[in-house]
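Thank you all for coming; I would like to walk you through a structure that is probably new to most of you. Please keep the picture in view while I talk, and I will point to one place after another.

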Amino acid sequence: MVELTMINQFLIGALTVGTIYLIATLGEVLAERSGIVNLGLEGLMEVGATVGIIVAIFMENPWLGFLAAFITAAIISVIHAFACITLKLNQFASGLALYIFGLGIGITFRGYARDVMLGPKELMKIPKIRLYPVKIPLLSDLPVIGALFSLNVMAYFAAILSVVFWFILFKTRIGLNIRSVGENPAAADAAGINVFRLRYIAVIIGGGMAGLSGAYLILAHTPQIMGAPIILGRGWIAIALVIFSFWNPLRALLGAYLFGGLEIAYFWLQGIEVFKGVIPLLKAVPHASAIILLTIMSIEALRRRIGAPEALGKPYSRE
Amino acid sequence: MAIRIPGTKYAVKVEKRLVVRREIPAIVSIASAIAGILLGGLIFITVGVSPVDVYSRIARIAASPTALMGAIEIALPIMFTSMALVLPFRMAFYNIGGEGQFELGAIAAMIPIIFYWSGVDLPQFLYLPIMFMLAFIAGGLWGLLPAFLRAKWRVNEILVTLMLNTISLQLIWWLTTPGGPWNEANPVFKERYLAYLKELGVHLIPGFKGTPVVPEFARLPRIPGTLVNSGILLAIIIAAILYFVCTKTLLGYEVRVVGDSERGAVYAGINYLKLVLIVMFISGGLAGLGGFIGITAFLPKLSPEIGIAGYGYAGIIVAWLARLNPIACLLVSFFFGILTKSADLLQQELKISRFIAVGFEGLIFILLVLGDFFVHYKVKLIKVKR
């Protein structure tokens with residue numbers, strides 16, 4: 001029985017943390033399907049975390065925090081969209097710039113909020129606004145799969161969202177258009193699809209999702225305000241997960257939970273005697289796994305001749 | 001393409017530049033740095049500080065010799081991490097792993113020092129050259145993995161190098177954390193290190209993350225008669241060599257060809273795998289030398305601080321601002337040194353997070369990327385009839 005509770009706990013942890021990756025990955029899948037890479041996720045997530053918790057505290061409502069984080073990150077992503085789509089500039093450089101900018105201002109404002117804006121009274125509100133697991137009666141008592149019914153609302157929402165994203169991308173007209181814009185923008189353009197508008201929409205929503213992911217991290221996983229980085233490379237793992245999932249939202253679900261599990265495994269592994277001496281190294285397990293998985297996926301993609309959207313990273317101009 | 005400004009007799013016309021004059025990229029770089037600093041004033045306003053006050057403080061900081069010295073200290077490692085990116089970025093290989101290669105260099109350079117404090121001696125004059133070589137080799141090896149994976153199976157080098165950055169930082173945490181093998185409180189250092197500290201009149205602080213310090217004989221000295229560390233001479237020599245490699249050698253030529261078109265380079269008979277391995281070994285090695293400079297010139301020990309400072313990431317922006325010119329890297333690094341040093345002092349004086357410097361750097365980077373538009377296009381105001 002004890003064993004079962006442990007497995008249950010582990011699964012709940014893996015799914016809860018995996019949701020951080022899932023939300024960000026879904027956004028990046030959308031953007032990359034339209035042909036635009038956004039390397040700024042990590043920075044947008046820092047900003048999302050800051051805006052999310054500050055708004056949630058002042059409005060005493062986590063949902064407004066999520067909304068504000070989404071909107072802020074979406075607005076910042078407009079810069080990236082403008083640079084890559086309208087000005088046709090280097091997407092990698094623009095994304096990296098967004099990353100560094102987001103990292104800097106995200107952390108600066110979080111530190112400022114803690115030191116200046118928020119008094120002890122406001123900080124006391126954090127336990128009130130954070131997300132708690134919602135146990136679905138009866139189902140959550142089931143062994144092992146009970147974990148699936150003991151999550152917070154956002155985790156359920158994100159799982160549903162990945163199905164919605166999959167449906168939109170693969171089963172609707174607009175999804176077909178987004179994909180064709182990412183594969184062959186010239187042909188899509190000739191067919192009367194507005195390449196620029198679709199790419200703008202995909203990049204802006206995708207960036208907003210990164211903000212949402214950051215807000216989720218701080219409101220559901222580590223609800224504290226520090227003037228230090230808290231995303232800690234998760235944004236980059238989310239980008240790797242896009243490749244891992246072959247740009248498919250349903251596979252993203254799998255990858256995100258896998259990495260949620262790898263991250264959570266840290267807390268279990270550090271209790272094991274063999275690993276006592278190397279505890280800090282255990283924190284690098286997800287990153288080392290990401291390199292291995294990326295390599296396997298790349299070999300697989302070469303072999304099966306599948307891979308990134310054809311026009312990924314290439315600006316489109318009507319010439 | 002001309003867009004008429006409504007209600008006037010003028011229109012904005014955008015034209016592709018047929019020839020990009022050499023000074024234009026430099027002008028755009030400088031303009032984006034200035035615009036970034038001015039626009040960054042908005043950040044200060046939002047945190048309730050007058051930008052005028054901040055800029056006058058920065059001007060004062062930049063003018064005082066001690067602060068300038070501090071700025072050079074910060075700039076020194078960035079000079080190496082930015083020069084490290086010149087070759088790979090020129091061939092469109094996005095090595096974002098300068099941070100990790102820097103850290104590996106610092107770790108490797110520390111090895112002889114760890115032996116020294118555990119009682120294993122080398123002739124004293126050998127320490128600096130050995131540490132120098134170890135740092136270069138370790139950084140270079142750390143750079144080979146992403147190069148190999150990319151050339152062999154097209155594994156995305158940006159992601160691999162980033163993951164390696166996290167791994168190397170965790171490596172430092174593990175080595176230096178209390179109870180870790182290189183932590184200063186490790187009993188193997190007991191005899192020699194404690195005696196040394198006693199001589200200095202310092203006590204060991206329990207629970208501190210960090211290795212024992214690098215002894216004086218293994219530190220890079222200041223240039224006699226100045227406040228500047230001799231590491232700057234090393235940076236200048238390397239910049240000159242790198243400039244020569246880029247412009248006058250076959251390697252530099254091949255890098256340019258690949259940068260123009262990877263596929264074209266393969267048709268031209270360039271062995272991409274071999275080239276990328278060489279370039280990344282040099283690149284990682286140079287970033288590793290940054291780590292060597294870090295522990296021998298001013299932070300005389302290894303601790304997670306060296307990674308958290310973000311020298312590797314700053315190198316990316318510096319390299320971009322310097323337009324991948326190694327000599328310009330030196331100057332831009334110095335500018336970043338002033339920026340970072342100012343942020344440190346602002347944190348003390350005005351209680352603003354020192355991460356604001358990172359925000360500034362990002363802002364400058366964004367403007368620089370956007371400014372690239374003006375490198376390729378001319379924007380003219382023309383008079384329209386009617």
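Let me begin with a convention: helices (H or I, at least four residues) and strands (E, at least two) are DSSP runs, numbered from the N terminus. What you see is a predicted model, in which local features need pLDDT of at least 70 and side-chain atom pairs count only at pLDDT 80 or more, while totals for chains, interfaces and linings use all residues. Residues are numbered from 1 along each chain as its sequence is written, and chains are lettered from A and ligands numbered from 1 in the order in which they are written.

With that in hand, please look at the loop between α3 and α4 of chain A, where you will find Lys88(A). This residue is not a glycine, and yet its phi is positive, at about 60 degrees. Is Lys88(A) buried, exposed or partly exposed? For this we count other C-beta atoms, placed from the backbone, within 10 Å of the residue's own: 20 or more means buried, 12 or fewer means exposed, and anything in between means partly exposed. Lys88(A) has 16 such neighbours and therefore counts as partly exposed.

Chain B offers a counterpart in Leu324(B), which sits in the loop between α14 and α15 of that chain. Leu324(B) also has a positive phi of about 60 degrees without being a glycine, but it is buried, because 20 other C-beta atoms lie within 10 Å.

Now to the two helices on either side of that loop. In chain B, the axes of α14 (residues 311-321) and α15 (residues 326-350) come within 9 Å and cross at roughly 130 degrees; axes here are lines fitted to C-alpha atoms, for helices over the stretch in contact, and angles run from 0 to 180 degrees between N-to-C directions. That angle makes α14(B) oblique to α15(B), since under 35 degrees counts as roughly parallel, over 145 as roughly antiparallel, 65 to 115 as roughly perpendicular and the rest as oblique. Which residues make the contact? From α14(B) they are Ala314(B), Val318(B), Ala319(B) and Leu321(B), and from α15(B) they are Cys329(B), Val332(B), Ser333(B) and Phe336(B), where contact means that C-beta atoms, placed from the backbone, lie within 7 Å.

Staying in helix α14 of chain B, we come to Trp320(B), which is buried because 24 other C-beta atoms lie within 10 Å. Setting aside neighbours within four places in sequence, Trp320(B) touches Phe365(B) and Leu368(B), and also Ala93(A). Its C-alpha atom is 9.0 Å from that of Leu85(B), although the two residues are 235 apart along the chain.

That brings me to the two chains together: 43 residues of chain A and 40 residues of chain B take part in their contact. On the side of chain A, the largest share, 17 residues, comes from α4(A). That side divides into 30 nonpolar, 11 polar and two charged residues, with Ala, Val, Leu, Ile, Met, Phe, Trp, Tyr, Cys and Pro counted as nonpolar, Asp, Glu, Lys and Arg as charged, and the others, Gly among them, as polar.

Finally, chain B is divided into domain 1 (1-42 + 370-386) and domain 2 (69-351), with bounds from an automatic or database domain assignment, and 37 Å separate their centres, taken over C-alpha atoms.
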